[in-house]
Amino acid sequence: MISGWIFSIFRMLEVVTLIPTLGMLAYFVNGYVNQNQLTPNYILVLFIVSVLAAVWALVTLFRRHSTRDSAGFVAFVDLCFVGAFIGAVYTLRGIANANCVDTSGGVSSTGGVSSSGGTVTISPLDINYTPFSVNANKTCTMLKASWAFGIMNCIFFFITAILAVLMHRHEKNVVVEKEVYRRRSHGSR
């Protein structure tokens, strides 16, 4: 029973992490379609896997009772999605080491106490403040976030596959046999 609740919680986490992934990748797919260009494989693979996974997660979340009845199949499909997400994350692996944010600014100081050759010089301390700024590359940050959500969904789908197996093992099958006896009578009608 508790594995069913935990299963539902992780399904909700999957949906919550798949929706932003779909939105960000749909932005890229739409941009390439509007420019009449082919969408690169590293975007398209993760987009297709995310669409299919979101549909699967929603269906199994809303049909939890039938999910419990076919828990072995649900575990198998979840493991297939684990493999699909691993493949999608692998195709997008180039974004892993990208630096998407440039920061500049802060506090710097010059002057103070210095010594050379036995003389100590004290000069006025100059503190310079330059405004702190963050410049983020939108394309890079969106791809990196999609990549991170893909890794998270690998883990979430693996956990739900294990929970589906646990739900299947705790399912109690009750078999009721009913015997039917017919009595024949040879009376006239």
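These notebook entries record what I looked up in a predicted model of one protein chain.

**Entry 1: overall layout**

I began with the secondary structure. The chain holds five helices and two strands. Following the sequence from its start, I noted the order α-α-α-α-β-β-α. The two strands therefore come after four helices and before the last one, as the pattern α-α-α-α-β-β-α shows.

I then looked up how the chain is covered and connected. It has 189 residues, and 31% of them count as buried. I looked next at contacts between residues at least 6 apart in sequence; 77% of these join residues at least 24 apart. For the accessible surface I recorded about 13100 Å², with 62% of that area belonging to carbon and sulfur atoms.

**Entry 2: helix H1**

I checked the length of helix H1, which covers residues 2-34. How far apart are the end C-alpha atoms of this helix? They lie 48 Å apart, and this agrees with the span of 48 Å that 33 residues should give at 1.5 Å a residue. Just after H1, I noted that Asn36 has a positive phi of about 60 degrees.

**Entry 3: the salt bridges of Arg11**

I searched the whole structure for salt bridges and recorded two. The pair Arg11 and Glu14 is one of those I examined, with its closest N and O atoms 2.7 Å apart. Both residues belong to helix H1 and are three residues apart, about one turn of the helix. An α-helix has 3.6 residues a turn, so residues three or four places apart point the same way.

Arg11 also forms a salt bridge with Asp78, where the closest N and O atoms are 2.9 Å apart. Arg11 lies in helix H1 and Asp78 in helix H4 (residues 71-91), so this pair ties together parts that are 67 residues apart in sequence. I entered Arg11, Glu14 and Asp78 as a linked network of salt bridges.

Are the members of this network buried or exposed? Arg11 and Glu14 are both buried. Arg11 has a relative accessible area of 0%, and because the cut-off for buried is under 20%, it falls in that class. Asp78 counts as buried too, at 0% relative accessibility.

**Entry 4: Thr160 beside the network**

I next turned to Thr160, which is placed in helix H5 (residues 138-169). Its relative accessible area is 0%, so I recorded Thr160 as buried. Which residue does the side chain of Thr160 meet in a polar contact? The partner is the side chain of Asp78, at 2.9 Å. Asp78 is thus entered twice in these notes, once for its salt bridge with Arg11 and once for its polar contact with Thr160.

I also listed the contacts of Thr160, leaving aside neighbours within four places in sequence. They are Phe7, Phe10, Arg11, Glu14 and Asp78. This list includes Arg11, Glu14 and Asp78, the residues linked in the salt-bridge network.

**Entry 5: a nonpolar patch on the surface**

Finally, I looked at the surface. Leu79, Phe158, Ile162 and Leu166 make a nonpolar patch of about 330 Å². Which helix gives the most to this patch? Helix H5 does, with three residues. Leu166 is a patch member that I placed in helix H5. At 30% relative accessibility, Leu166 counts as partly exposed, whereas Thr160 of the same helix H5 is buried at 0%.

How values were computed: Residues numbered from 1 in each chain as written. Predicted model: local features only at pLDDT ≥ 70, side-chain atom pairs only at ≥ 80, totals over all residues. Heavy atoms only, no water. Expected span 1.5 Å × (residues − 1). Buried < 20%, exposed > 50% of the residue type's maximum accessible area, 1.4 Å probe, protein only. Contact = heavy atoms within 4.5 Å. Areas by Shrake-Rupley, 256 points an atom, 1.4 Å probe, with all protein chains shown as cover. Salt bridge = Lys/Arg side-chain N within 4 Å of Asp/Glu carboxyl O. Polar contact = N/O pair within 3.5 Å; in protein donor to acceptor, adjacent residues only side chain to side chain. Patch = residues over 30% accessible without salt bridge, like charges linked within 9 Å, V, L, I, M, F, W, Y side chains within 5 Å.
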